[in-house]
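Thanks for making the time this morning. I would like to walk through one model with you, so please have a look at it on the screen before I begin.

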Amino acid sequence: MYGVVEAVFDDKAVIILDSKEEILIDTHMLPKPFKWGDVFLFEKTQEGWAVISNDVSEKDRRLKENKAKRQALLNRTKKRDMD
Amino acid sequence: MNRKRKTPYKRTASKKRPSGQKGNHSLLKTVLVVVAAFFLGLLVERYDLPFDGLEARWDQIVHSIRQWSNTVDFDPSEEEYVVDIRVFDVGQGSSMLLKGYDGTTILIDTGRFDDSEKRIIHYLNDEIGVGGKIDLLIFTHNDADHIGNGELVLEYFQVGEVWMNGMDHTSQTYTRVLDALLASNVTYVEPKRGETYTKGAFTIDVLHPQQDATESNQNDESIATRLSIGDTQFIQTGDIDASIEAEIAHERPYAVSADIMMIGHHGSRYSAGMEWIEAVDPAVAFYQAGQDNSYGHPHQEVLDRLEALDIPVYGTDTFGTLSLTILSDGEWDLTTEEE
């Protein structure tokens, strides 16, 4: 399941999984270098959640998706102004 | 425990004008702008002046007229207060509300993403009523300590317009806010430096981000604004650092002076530089930070800079939610949640 690095506090990172579940993970468990907003593929193991892939393409896809949403908002307002 | 006290400073009452003139001010403003444009045009033609330099001066003239008209539009004899400001205690995050004498409400940021108590919702219920009206919601930038629970604010309250900095991200918090914006009917704006907006009795000067903003980092692309109402000015800069503050002060010195200053980036040593504080020259400064936060905010250097200029400082880490009411007789009332 994909999860996004939502915030980093000291040596812990807050990850929000696609299931909406929030997990706290030691930063040393994440591939370096990582930053806020990075998207990783997680798998639940007996020890807890673990990163199994640093999928760059998934991050790019999400970034494009959000850019499109923002553009839709701008277009909606522009259209309303013209009307 | 609630504590009410007068601030150690006192401002003179707003300029008073005879009643019945309110309706003439829009016309007066227009006439003044046209006359100023006419004389500026004459000067350019008569002395063959380069237009480039005059562009900035023109900006300043229009700005001064707007500021003046903002002052005379307010009649202290008709209103109980000018503006009611709440700097909410949202821990290590940011959220503040301004309520104008005309009922206009402006919310700046919505606090942290991991605030399980969803304090922002409770604060707003108390301040504007359940499902109340927010004329403008400014998300200064998309960090998770500024837009947290933003989707709930959009869902539970009647938000008219939303401003964002236009810098995309992949965080779930940001995605949730975008989805809530799409599901709502709000007007969406990405304001830029040099633009001026009117929201009810408020005039809002946009100080940052720049027109040609390049995506560097969220903090440095924060929406910075000065909000004027009556003759009171409130300035906030999100999380921009001191180099950008200095750039703004240098480029738009006439648009940064303010009575009330929100200290940038929760009191980080990298914000609220001396040049900025001197340019703003506030009567009081506020910051928002969590108790015993791991960043060490507010940094002592920032407090020292303000102390050197005799500017009183109040922070949510020490005093809880800060409530400042600018009364129409010129008195300021500051109430803090904690002693």
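Let me start with a question: which residues lie nearest the centre of the largest cavity? They are Ser94(B), Met96(B), Gly238(B), Met262(B) and Ile263(B), out of 16 residues that line the largest cavity.

Before going on, I should say that this is a predicted model, in which local features need pLDDT of at least 70 and side-chain atom pairs count only at pLDDT 80 or more, while totals for chains, interfaces and linings use all residues. Residues are numbered from 1 along each chain as its sequence is written, chains are lettered from A and ligands numbered from 1 in the order in which they are written, and side-chain values use heavy atoms, with hydrogens and water left out.

Back to the voids. On a 1 Å grid over the protein atoms alone, a cavity is a set of points where a 1.4 Å probe fits but cannot get out, whereas a pocket is an open set with protein on both sides within 12 Å along at least five of seven lines, and lining residues have an atom within 4 Å of a point. Grid points are joined across faces, edges and corners, and a volume is the space filled by probe spheres set on the points. With those settings the structure holds two cavities of 30 Å³ or more, and the largest cavity has a volume of about 110 Å³. Its lining comprises four nonpolar, 10 polar and two charged residues, where Ala, Val, Leu, Ile, Met, Phe, Trp, Tyr, Cys and Pro count as nonpolar, Asp, Glu, Lys and Arg as charged, and the others, Gly among them, as polar.

Turning to the pockets, the largest pocket has a volume of about 550 Å³. It is lined by 25 residues, and the closest to its centre are Asp143(B), Asp145(B), Asn219(B), His265(B) and Tyr295(B). By class, that lining divides into nine nonpolar, nine polar and seven charged residues. One of those central residues deserves a remark on its backbone: His265(B) has a positive phi of about 50° although it is not a glycine, and His265(B) sits in the loop between β12 (260–262) and α7 (274–280) of chain B, helices (H or I, at least four residues) and strands (E, at least two) being DSSP runs numbered from the N terminus.

The second largest pocket has a volume of about 260 Å³, and among its 12 lining residues Lys35(A), Met167(B), Asp168(B), His169(B) and Ser216(B) lie nearest its centre. That list holds residues from chain A and from chain B, which brings me to the interface.

How many residues does each chain give to the contact? Chain B gives 30 residues and chain A gives 27 residues, contact meaning heavy atoms within 4.5 Å. The area buried between chain B and chain A is about 2500 Å², with carbon and sulfur atoms giving 54% of it; buried area here is the accessible area (1.4 Å probe) that two parts lose on being put together, summed over both. There are four salt bridges between chain B and chain A, a salt bridge being a side-chain nitrogen of Lys or Arg within 4 Å of a carboxyl oxygen of Asp or Glu. Asp168(B), which we met at the second largest pocket, forms a salt bridge with Lys67(A) at 3.6 Å, N to O. On the side of chain B that touches chain A, α5(B) gives the most, with nine residues.

Away from the interface, Asp26(A) and Lys12(A) form a salt bridge whose closest N and O atoms are 2.4 Å apart. Asp26(A) lies in strand β3 (residues 22–26) and Lys12(A) in strand β2 (residues 12–17) of chain A, so the pair ties together parts that are 14 residues apart in sequence.

Finally, two peptide bonds to check in the backbone: the bond joining His208(B) and Pro209(B) is cis, with omega about 5°, and the bond from His297(B) to Pro298(B) is cis, with omega near 0°.
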